[in-house]
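Here are some quick notes to help you find your way around this one. Have the viewer open and follow the points in order.

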There are 2 protein chains.
Amino acid sequence: MKLLEDRIRKDGIVREGNILKVDSFVNHQIDCAFIAECAKEFKRLYEGEEITKILTIEASGIGIACIVGLEFGVPVVFAKKTKTVNIANDVYTSKVESFTHKRTYDIIVAKDFLKPEDKVLIIDDFLAMGSALHGLIELIQHAGATIVGAGIVIEKAYQEGGQMIRDMGVRVESLARIKAMHGTEIEFID
Amino acid sequence: MKLLEDRIRKDGIVREGNILKVDSFVNHQIDCAFIAECAKEFKRLYEGEEITKILTIEASGIGIACIVGLEFGVPVVFAKKTKTVNIANDVYTSKVESFTHKRTYDIIVAKDFLKPEDKVLIIDDFLAMGSALHGLIELIQHAGATIVGAGIVIEKAYQEGGQMIRDMGVRVESLARIKAMHGTEIEFID
């Protein structure tokens, strides 16, 4: 998505260690009108697919997912992060590894909000190592629901997550795919 | 807002200890189309006010704030919760007490995203003891920005937060104000 690549080039900040900060329009501060354009693109990409629910993970995925939910006309469910193993009977749970924070945590979603008949589109801001996305896929599998695919705003395609998830047979649509970052220069996959 | 009161009566679950769960349409699962109706009501209430930014707090406020941001045509900034005192020079910080989780945490917002010239509308899902709202007000004050007011989806008017914040001279508009809960019966302030 040209509009997004231009915006990343303009407002993204590249930090040492292949870190890309898009705090000014994707997370922390969210440019809602711009994200609405991204939502339209997800709608176009998943045109013709039946989708009944959008699933994301707290916190930075929620805002984007809600704008996408508005575009698709379906509710959004967000998986909650929890530090304690949740043995409650009324939630589905899976594990996510945070490479940034170097720890593993559980994510949960109430069984009430993910049903076998649901056709789920996963939405998230970033895809890098794919751990969060993998955890969300597992929640959908636990529920016996259908995974329609994933819509990612920015994929760090130099990391293995995207390949790993696609190899599972899950459709992944990323609006911008970063091939490499050299200094402050960002190279995208067309 | 009649629509919201009806929805709370229909889908809200009252639990022991004056707990109201609206997980099925406000938090955890978000009914985006319904929240868009709430956003229109906030727009009507703050008609004529200049607003340049919406401020909320992670996690459950973010989705609602983004739908409101879309309605107002302004960006959303969400304050992040942090367990460690943040001494970074590039953030504003304040304290929030969680009565549910019985602990105090710091909230931060990057100075880049809250400027003296900003006219800020605070959006949150709940107002009870007012600690989160108070913390957000402090962040705006630290930035030297203008507080236009707060837009709250559900106010537990039997708790003191609303009064406390209004006594500070801050405009608070709550779409539903709960006077009392008796068993599963919910009484609203008209």
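1. Start with a sheet in chain A, and keep in mind that this is a predicted model. Strand 9 (residues 146–156) of chain A pairs with strand 10 (residues 172–182) of chain A; the two run parallel, with 6 bridges between them. If you want a landmark in strand 10 of chain A, look for A:Arg177, which has A:Glu155 opposite.

2. Strand 10 of chain A has another partner to look at: strand 11 (residues 185–188) of chain A, this time antiparallel and over 4 bridges. Here A:His182 sits opposite A:Glu185 of strand 11. The hairpin made by strand 10 and strand 11 of chain A leaves 2 residues between the strands, and A:Gly183 in that hairpin has a positive phi near 60°.

3. Now hop over to chain B and its helix 1 (residues 2–11), where B:Leu4, B:Arg7 and B:Ile8 are buried. Looking down the axis of helix 1 of chain B, you'd see the buried residues within an arc of 100°, so they line one face of the helix. That fits a general rule: an α-helix has 3.6 residues a turn, so residues three or four places apart point the same way. Turn to the other side of helix 1 of chain B and you find B:Lys2, B:Asp6 and B:Lys10 exposed.

4. What covers the buried residues of helix 1 of chain B? The cover includes helix 2 (32–45), strand 9 (146–156), strand 10 (172–182) and strand 11 (185–188) of chain B.

5. Next, the place where the chains meet: 25 residues of chain A are in contact with 25 residues of chain B. On the chain A side, the elements giving two or more residues are strand 3 (29–30), helix 2 (32–45), helix 3 (60–72) and strand 5 (76–82). Helix 3 of chain A gives the most, with 6 residues. Sorted by class, that side of chain A has 15 nonpolar, 6 polar and 4 charged residues.

6. Strands also link up across the chains. Strand 3 of chain A is joined by 2 bridges to strand 5 (residues 76–82) of chain B, and they run antiparallel. One pair to pick out is A:Ile30 with its bridge partner B:Val76.

7. Last, how are the copies related? A turn of 180° with a shift of 0.0 Å along the axis lays chain A on chain B with an RMSD of 0.0 Å. The two copies are thus related as by a two-fold rotation axis. The residue of chain A that comes closest to this axis is A:Gly63, at 2.2 Å (C-alpha). Both copies use the same surface, as 100% of the contact residues of chain A recur in chain B.

How values were computed
Residues are numbered from 1 along each chain as its sequence is written. Chains are lettered from A and ligands numbered from 1 in the order in which they are written. This is a predicted model: local features need pLDDT of at least 70, side-chain atom pairs count only at pLDDT 80 or more; totals for chains, interfaces and linings use all residues. Two residues are in contact if their C-beta atoms, placed from the backbone, lie within 7 Å. Ala, Val, Leu, Ile, Met, Phe, Trp, Tyr, Cys and Pro count as nonpolar, Asp, Glu, Lys and Arg as charged, and the others, Gly among them, as polar. Two strands pair if DSSP finds at least two bridges between them. Copies are superposed by least squares on the C-alpha atoms of residues with pLDDT of at least 70 in both. A residue is buried if 20 or more other C-beta atoms lie within 10 Å of its own, exposed if 12 or fewer, and partly exposed in between; C-beta atoms are placed from the backbone. The arc is that of the directions from the helix axis to the C-beta atoms.
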